[in-house]
Amino acid sequence: MSSSFPKPLTEKEEREYVQQLEEGSMEAKNILIERNLRLVAHIARKYAGPGYCQDDLISIGTIGLIKAVNTYTSRKSTRLATYAAKCIENEILMNIRATKKNRQEISLSQPIGMDRDGNEISLNDILGTDADEILDTISLKIQASRLHQGLRQVLTERERAVIIYRYGLNGGEPLPQREIARHLGISRSYVSRIEKKALEKLKEYLKDS
């Protein structure tokens, strides 16, 4: 996957673009982000596994990269790539910890004991969950799976980041547009436009899939 990303900047190129960024160049900022996406993919690959899709981790890691570019200055003693690697890893680890904290999945049909007649009973039996409710739960899980596929397939990295943070898809609390704007170093109105465009893309994807 990393082969699809632009080649990383040389140390000289990095210094030049950092200087341009400090002079206010948004183009330099975008280049610094794009040319470090390979680093994001490399770090995300280390943490990918059961329950942690690499594409999702790349999206989360990209948020860490954007934060790194927003806060890095040429006065730091390390290269941007070194500084960014730590920010990317921190963002991914923070997401994994939040996901683990919120992942308390209990199968409704899992046996949890025996009744007076010696028959196994499940959480379904205790809660009185009927078949329609179970079907609704399954349908909801299928829709959630299609949504996550849409996030990976039809959205850009920035659109994906906005939607994940806006609706708490990383296991955390949904964030207001103003907070997302602060995280990504862009205006709230720009976040609003990105969110609207991303939702339209997802709506089309879910309608056709």
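This dialogue reads the fold, the burial and the salt bridges of one predicted model.

Q: Which helices and strands make up the secondary structure of the chain, and how many of each are there?

A: The chain has ten helices and two strands. Read from the N terminus on, the order is α-α-α-α-α-β-β-α-α-α-α-α.

Q: What share of the contacts join residues at least 24 apart in sequence?

A: The share is taken among contacts in the chain between residues at least 6 apart in sequence, and 59% of these join residues at least 24 apart.

Q: How many of the 209 residues, as a percentage, are buried?

A: Buried means under 20% relative accessible area. In this chain, buried residues make up 34% of the 209 residues. The accessible surface of the chain comes to about 12,800 Å², and 51% of that area belongs to carbon and sulfur atoms.

Q: How many salt bridges does the rule give?

A: The rule asks for a side-chain nitrogen of Lys or Arg within 4 Å of a carboxyl oxygen of Asp or Glu. Applied to this model, the count comes to ten salt bridges. Three of them follow, among them the pair K46 and E89.

Q: What do K46 and E89 tie together?

A: In this salt bridge the closest N and O atoms of K46 and E89 are 3.4 Å apart. K46 lies in helix 3 (residues 37–47) and E89 in helix 5 (residues 80–102), so the pair ties together parts that are 43 residues apart in sequence.

Q: Is K46 buried or exposed?

A: The cut-off for exposed is over 50% relative accessible area. K46 has a relative accessibility of 52%, so K46 counts as exposed.

Q: Where do E157 and R160 lie?

A: Both residues are in helix 8 (residues 157–166), three residues apart, which is about one turn of the helix. Their side chains form a salt bridge, with the closest N and O atoms 3.8 Å apart. E157 is partly exposed, at a relative accessible area of 22%, whereas R160 is buried, at 6%.

Q: Which parts of the chain does the pair R166 and E195 link?

A: R166 and E195 meet through their side chains in a salt bridge, at 3.0 Å from N to O. The pair links distant parts of the chain, with R166 in helix 8 and E195 in helix 10 (residues 188–208), 29 residues apart.

Q: Are R166 and E195 buried or exposed?

A: R166 is partly exposed, with a relative accessible area of 23%. E195 counts as buried, at 6% relative accessibility.

Notes: Residues numbered from 1 in each chain as written. Predicted model: local features only at pLDDT ≥ 70, side-chain atom pairs only at ≥ 80, totals over all residues. Heavy atoms only, no water. Helix = DSSP H or I, 4+ residues; strand = E, 2+ residues; numbered from the N terminus. Buried < 20%, exposed > 50% of the residue type's maximum accessible area, 1.4 Å probe, protein only. Contact = heavy atoms within 4.5 Å. Areas by Shrake-Rupley, 256 points an atom, 1.4 Å probe, with all protein chains shown as cover.
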